[in-house]
Amino acid sequence: MTKRILRGLLVVMFMSTSFLWAIEPQVLGSDTIEFKGFIEGSLYFAVTKLNESSVNLLTEELQPGNPGVDIGKWTLRIDNPPVEETSFTISYSFEPLRSTLETIEDEIEFVLLERPEEGEETPVERAGSSSVTLTISADAELTTFTRVFAARLTPAGFTAAMTAAATDTYKSDILISLSAE
């Protein structure tokens, strides 16, 4: 009787495994496709004018050694850091103040004083052609740099302003540009 039960169990086991093999699908072919993705680095750079009105060039704030007059700011925001360390260069380019009237030949030299938007750091003096380099590494997160720049007369510029023609036509175009390596 034990042999009969044992044989019956073996038959049932064999039938159930055969049944499972019978319903398992046969693979007739396969192939692999590759799913690719990318994240485009997002970069925002803006230059903003802070002072819309004309400034009296003989004010104490503009004299050498004083804080100058805030005239603008720039903001650089990098939303997705580059994979490799990348350097960004912000360049300043400007010439002395000159009158837009051809009959006035006065030139008034000035410098830009750059400082962070917040904080009490000492401003960095930028001459007519200068730049600052910022380096971003792959482990950086959302990165934002904002700098305010002010104008201040040089000693020679202040001397020139003291004897320059009285007019509201003095101007200098300040080019602020961003480049990356």
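I'm counting two residues as in contact when they have heavy atoms within 4.5 Å of each other. I should also note up front that I'm working on a predicted model.

**Entry: L76**

With that cut-off I looked up L76, skipping its neighbours within four places in sequence. L76 touches L43, Y44 and F45, then F88 and I90. Further along the chain, the list goes on with L134, the run T143, T144 and F145, and finally L178.

**Entry: the core**

Which residues have the most contacts inside the largest nonpolar core? I found L76 there again, together with W74 and I108, in a core of 27 residues. I then checked which elements feed this core: β2, β3 (86–93), β6 (110–116), β8 (129–136), β9 and α2 (155–163) each put in at least two residues.

**Entry: overall layout**

I stepped back to the whole protein and counted 2 helices and 11 strands. Going along the sequence, I read the order as α-β-β-β-β-β-β-β-β-β-α-β-β. The protein has 181 residues, and 29% of them are buried. Next I took contacts between residues at least 6 apart in sequence; 79% of these join residues at least 24 apart. For the surface I got about 13,100 Å² accessible, with 55% of it belonging to carbon and sulfur atoms.

**Entry: the largest pocket**

I put the space in the largest pocket at about 840 Å³. Its lining runs to 33 residues, and S54, V55, L97, Y170 and K171 lie nearest the centre. Sorting the lining by class, I have 20 nonpolar, 8 polar and 5 charged residues. Strands that each give at least two residues to the lining are β1 (43–49), β2 (69–78), β9 (143–153) and β10 (170–171). I notice β2 and β9 on both of my lists, as suppliers of the core and of the pocket lining.

**Entry: I174**

Last, I went to I174, which sits in the loop between β10 and β11 (175–180). Is I174 buried, partly exposed or exposed? Its relative accessible area is 27%, so I have to call I174 partly exposed; the buried label would need a value under 20%. I also looked at what I174 touches, again leaving out neighbours within four places in sequence: I71, S93, F94, F110 and L112. How far is I174 from P96, C-alpha to C-alpha? I get 9.9 Å in space, for a pair 78 residues apart in sequence.

Technical notes: Residues numbered from 1 in each chain as written. Predicted model: local features only at pLDDT ≥ 70, side-chain atom pairs only at ≥ 80, totals over all residues. Heavy atoms only, no water. 1 Å grid on protein atoms, 1.4 Å probe; cavity = no way out; pocket = protein on both sides within 12 Å on 5 of 7 lines; lining within 4 Å. Points joined across faces, edges and corners; volume = space filled by probe spheres on them. Helix = DSSP H or I, 4+ residues; strand = E, 2+ residues; numbered from the N terminus. Nonpolar A, V, L, I, M, F, W, Y, C, P; charged D, E, K, R; others polar. Buried < 20%, exposed > 50% of the residue type's maximum accessible area, 1.4 Å probe, protein only. Areas by Shrake-Rupley, 256 points an atom, 1.4 Å probe, with all protein chains shown as cover. Core = buried A, V, L, I, M, F, W, Y, C linked by side-chain atoms within 4.5 Å.
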